[in-house]
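Trainee: I'm new to this one. Could you pick a single strand and walk me through it and its surroundings?

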Amino acid sequence: MRYRKLGQTGLFVSEIGFGTIPILEGEVPVLPEYFRLNLEEALSVLTYAYRLGCNLYDTAIVPEYGDAEKKTGIFASKVGREHVILSDKARFYTGDEMYRAVQCSYENLGTYADLYFVHQADEKNAEQIFERYGALDALTECKAEGKIRFVGIASHYYSVLYRGACDSRVDVLQGSGNILECGMLNRIEQEPKFREKGFLLNKVYAAGILPAFFPVQELIGGVLSYPISSALIGLGTQEQTEQAMGKELKAKRYPFERVMARLEQDFLPIPCDRCQKCSCPYGVEVSVLFRQYQYYFLGKEYWALRKLDQNIRECAQRCRQCTSLLCIQSCPKRIRIPEMIERIFQLTKAHVRNGWIG
């Protein structure tokens with residue numbers, strides 16, 4: 001295992017971090033499928049990763065990750081708190097809620113979190129998070145009080161991560177990306193502001209989908225070629241842990257064109273890398289719809305259709321009415337976005353509830 005500097009925190013984290021979703025137990029709506037590990041099983045997997053050199057463990061507040069936070073705390077006490085770096089997060093945006101969440105996490109872990117993130121920050125709640133007395137101010141206060149060591153923002157949106165990179169209160173960032181969804185990673189690599197912060201990357205396996213199409217070594221090596229601090233992998237068995245951490249991996253860029261060529265053997269993918277540069281005057285989140293379309297063919301049929309069914313009809317109607325085509329003009333790959341949205345609409349219409357009339 002190799003280690004990388006975590007921004008300006010003074011910490012060095014293992015290149016591969018342990019994502020704790022798979023060790024949770026209970027009915028928690030995080031993913032459609034997950035492991036149900038009891039405490040003994042969870043401690044066994046966590047400890048195995050530690051023996052392979054992992055020192056970074058990423059979790060989230062109960063009930064968001066079920067009992068994973070409590071299991072992680074017990075594990076840290078057994079191997080020695082000083083030997084591991086604990087990353088925690090909560091999906092709260094006001095200062096009062098976040099302040100209470102940190103205290104709750106402290107009780108669940110039985111110790112402090114080294115890193116604490118505002119979870120699932122997006123463009124709709126960003127003002128609330130960044131404004132005075134918002135979640136960021138609360139975490140800054142918790143840091144001053146010694147309840148956490150460093151303040152973080154976790155988001156799937158480049159605009160929010162960039163705002164965090166420019167904010168002096170933020171020490172670490174957490175974003176998503178993989179060899180398929182590499183557009184945001186490319187933008188982060190080109191923006192100097194991100195070099196001042198530690199950066200943890202999640203969704204390396206795309207919610208567990210991509211290992212069915214690409215070797216684990218290529219998935220991890222591909223993201224380690226970017227200037228990130230650690231790649232977080234959700235692990236639920238010793239076999240998975242061995243695959244991810246048991247061998248020294250070479251950081252090697254995996255060309256997007258090769259990714260597309262591999263997927264084209266199974267379906268007709270949209271050549272979108274989720275750079276999020278496309279602009280829609282009607283607020284259609286193009287990259288999100290494209291992601292759900294790709295995931296449908298990559299094995300998440302039920303999840304993708306449920307998500308698409310929430311707003312694809314409205315999005316398709318807006319695209320039909322639009323005459324500016326700003327989305328195509330701002331897309332680096334010049335994807336015919338309205339045509340792709342219509343394709344997604346027809347797919348959803350044919351498969352949801354035996355087809356509805358739109």
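**A close look at strand E8**

Mentor: Sure, and keep in mind that this is a predicted model. Val172, Gln174 and Ser176 point one way from E8, Leu173 and Gly175 point the other way, and all are buried. That fits a general pattern: in a regular strand, side chains alternate between the two faces of the sheet. So the strand, residues 172-176, is mostly covered, with five of its five residues buried.

Now look at what sits beside E8. Strand E7 (residues 148-155) runs parallel to E8, and three bridges join them. Within that pairing, alanine 154 has glutamine 174 as its bridge partner in E8. To get from E7 to E8, the chain passes through helix H6 (residues 158-165), and this β-α-β crossover is right-handed.

Next comes strand E9 (residues 198-202), also parallel to E8 and joined to E8 by five bridges. Here glycine 175 stands opposite leucine 201 in E9. With helix H7 (residues 183-190), E8 and E9 make a right-handed β-α-β unit.

Follow E9 a little further and you reach a pocket. The second largest pocket has a volume of about 150 Å³. Its lining includes Gly198 and Phe199, along with Arg4, Lys5 and Ile188, among others. Strand E1 (3-5) and E9 are the elements that give two or more residues to that lining. By type, the lining residues divide into five nonpolar, three polar and four charged.

Note on methods. Residues are numbered from 1 along each chain as its sequence is written. This is a predicted model: local features need pLDDT of at least 70, side-chain atom pairs count only at pLDDT 80 or more; totals for chains, interfaces and linings use all residues. Side-chain values use heavy atoms; hydrogens and water are left out. Buried means under 20% relative accessible area, exposed over 50%, partly exposed in between (1.4 Å probe, protein chains only). Helices (H or I, at least four residues) and strands (E, at least two) are DSSP runs, numbered from the N terminus. Two strands pair if DSSP finds at least two bridges between them. A crossover is right-handed if, with the strands pointing away from the viewer, the path from the first strand over the helix to the second runs clockwise. On a 1 Å grid over the protein atoms alone, a cavity is a set of points where a 1.4 Å probe fits but cannot get out, and a pocket is an open set with protein on both sides within 12 Å along at least five of seven lines; lining residues have an atom within 4 Å of a point. Grid points are joined across faces, edges and corners, and a volume is the space filled by probe spheres set on the points. Ala, Val, Leu, Ile, Met, Phe, Trp, Tyr, Cys and Pro count as nonpolar, Asp, Glu, Lys and Arg as charged, and the others, Gly among them, as polar.
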